[in-house]
Amino acid sequence: MSKIGLIIKREYLRRVSKKSFILLTLLTPFLFAALVFVPLWLSTIKGDEVRNVAIIDATGKYAPLFENTESFHFVDSNKSLEEYRKDGDKEIFAFLNITDDLLENPKAATLYSKKQVPAELSRLVNQILGQQIEDDKLASFNIPNLKEIIQESKIKFNIQTIKWGEDGQENASSATVTSIVGILFTVIIYMFILMYGGMVMQGVMEEKTNRIIEVMISSVRPFDLMMGKIIGIGFVGLTQIFLWGIITSILVGVGGLMFGGGGADVAALQANPSMGMMGADALNTSSGNEIMSIVNSINISEIGISFIIYFIGGYMLYASIFAAIGSAVDSQEDTQQFMAPVTIFMMFAFYAGIYSMENPDGPLAFWCSMIPFTSPIVMMVRIPFEIPLWEKLLSVALLYACAIGIVWLSAKIYRVGILMYGKKPSLKEMVKWIKYK
């Protein structure tokens, strides 16, 4: 086996055999599932405490509208707000003070409390009073049955979108679901490039600090050492992605059975913060079968292959930069100077990917798909929207050409910086290292 192969094997086996890697790989999908479903489950649990809310209504018009709920008990009070302040009644949690007709004076209602007013109570009061003000406004027009006419005129319309296949087959489609798939892969590739690129830098710094590198350099070329480390850690990342994919598929399958084979509860999924408003809207406008039809219309195999291609290219590009940074510095504090531009590029790519969801064929999406430093992240948003083949090929060609060039430049810095100690080099000095033969 070649020396670079031995280094790849060493890096791979050393990292995948760690207990931390095994635990992280097995538990992370369950942790993400817990982050989604535990808050959802906890939100359905109601407390036993019922809080009293005193309604001080000078008009006598609004107090009868409030009915008791599981959390709040409304009391129509004859006392004034000043009397409550003097008595200090601890049984009353909040005071709703209404001094005038709210249609004429919307600011005549105020909610007082010694503690922060809960969002649930504020929302309930706004809903009840808002509905009454709306009814009063409609009644002021003196048009018979105006409220019923307005209710009947409200029509919720959602255009049905159909995707034609090359064989003429029709499938339901949804820009919302497609965007969710794209942004999901974008977040994953952003997270993994940053995480495993940082792992390369940490590994280089540890070996340099421990002076192990001096022994290794005596028997292997610096370029082989750098590439072996980058490729070995890259295989670790692909292994973890593969295992997470299997575990996540199992969890999704079990979740589908628990929710009745795909007939998910729309109200529950609306409360799921990981889906966001986009996911909730998509579920509102589609049944379970329609959603499955939409998902089936997306070329998941193409997205998966593209993810691996862009992950490898993006990882090679950024990991080589991280390796060069790790070889040039002696401590974690010194990395900040060189990490700032790299972090800015990745942050820009991430936000460009998010904004590209609205217009995947726009100038921002197109040019960021061609720039190698941003294309691995932005292209994962665009690919589910079936962009032209020539754009994909050009983007991949530019990415790998740039990655090879960056690897070559980083190797020049790596071979000099890996043996330097006690001095933080400037950018000017690092440029000189590149010129060395």
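Asp136 lies in helix H4, which spans residues 119-139. In this predicted model, Asp136 has a relative accessibility of 15% and therefore counts as buried, the cut-off for burial being under 20% relative accessible area. When its neighbours within four places in sequence are set aside, Asp136 is in contact with Lys61, Tyr62 and Leu103.

A second buried aspartate, Asp224, is found in helix H8 (residues 222-258). Its relative accessibility is 14%, so Asp224 is classed as buried. Apart from neighbours within four places in sequence, the contacts of Asp224 are with Ile4 and Ile7. Helix H8 also contains Ile246. At 38% relative accessibility, Ile246 counts as partly exposed. Ile246 and Pro29 are 217 residues apart along the chain, and their C-alpha atoms are separated by 9.8 Å.

The chain as a whole has 17 helices and 6 strands. Of its 437 residues, 40% are buried. Among contacts in the chain with a separation of 6 or more, 71% are between residues 24 or more positions apart.

The loop between H4 and helix H5 (146-153) holds Asn142. Asn145 is found in the loop between H4 and H5 as well. Most residues other than glycine have a negative phi. Asn142, although not a glycine, has a positive phi of about 55 degrees. For Asn145, also not a glycine, phi is positive at about 55 degrees. Asn142 has a relative accessible area of 67% and is therefore exposed. Asn145, at 56% relative accessibility, counts as exposed too; the class begins over 50%.

Two packed helices are described by the angle between their axes and the distance between the axes. The axes of H13 and H15 come within 8 Å and cross at roughly 10 degrees. This angle makes H13 roughly parallel to H15, because angles under 35 degrees fall in that class. On the H13 side the contact is made by Met346, Ala349, Phe350, Ala352 and Gly353, and on the H15 side by Ile377, Val378 and Val381. By class, the residues of the contact between H13 and H15 are 7 nonpolar, 1 polar and no charged.

Helix H15 (residues 375-382) is mostly covered, with 8 of its 8 residues buried. The buried residues of H15 are Ser375, Pro376, Ile377, Val378, Met379, Met380, Val381 and Arg382. Ile377, Val378 and Val381 are thus named both among the buried residues of H15 and in the contact with H13. Tyr351 lies in helix H13. With a relative accessible area of 43%, Tyr351 is partly exposed. Tyr351 and Ile377 are 26 residues apart in sequence, and the distance between them in space is 9.5 Å, C-alpha to C-alpha.

Another helix pair is formed by H14 (residues 363-370) and H16, whose axes come within 8 Å and cross at roughly 40 degrees. The crossing makes H14 oblique to H16. Phe366, Ser369 and Met370 in H14 meet Trp390, Glu391, Leu394, Ser395 and Leu398 in H16. The contact of H14 with H16 comprises 5 nonpolar, 2 polar and 1 charged residues. The contact of H13 with H15, by comparison, has no charged residues.

Helices H13 and H16 also take part in the lining of a pocket. The second largest pocket has a volume of about 460 Å³. It is lined by 18 residues, of which Ile321, Ile325, Ile413, Leu427 and Met430 are the closest to its centre. Two or more lining residues are given by each of helix H12 (300-328), helix H13 (335-355), helix H16 (389-417) and helix H17 (427-435). Helix H13 supplies the largest share of the lining, 5 residues. By class, the lining of the second largest pocket consists of 16 nonpolar, 2 polar and no charged residues.

Key:
Residues numbered from 1 in each chain as written. Predicted model: local features only at pLDDT ≥ 70, side-chain atom pairs only at ≥ 80, totals over all residues. Heavy atoms only, no water. 1 Å grid on protein atoms, 1.4 Å probe; cavity = no way out; pocket = protein on both sides within 12 Å on 5 of 7 lines; lining within 4 Å. Points joined across faces, edges and corners; volume = space filled by probe spheres on them. Helix = DSSP H or I, 4+ residues; strand = E, 2+ residues; numbered from the N terminus. Nonpolar A, V, L, I, M, F, W, Y, C, P; charged D, E, K, R; others polar. Buried < 20%, exposed > 50% of the residue type's maximum accessible area, 1.4 Å probe, protein only. Axes fitted to C-alpha atoms, helices over the stretch in contact; angles between N-to-C directions. Parallel < 35°, antiparallel > 145°, perpendicular 65-115°, else oblique. Contact = heavy atoms within 4.5 Å.
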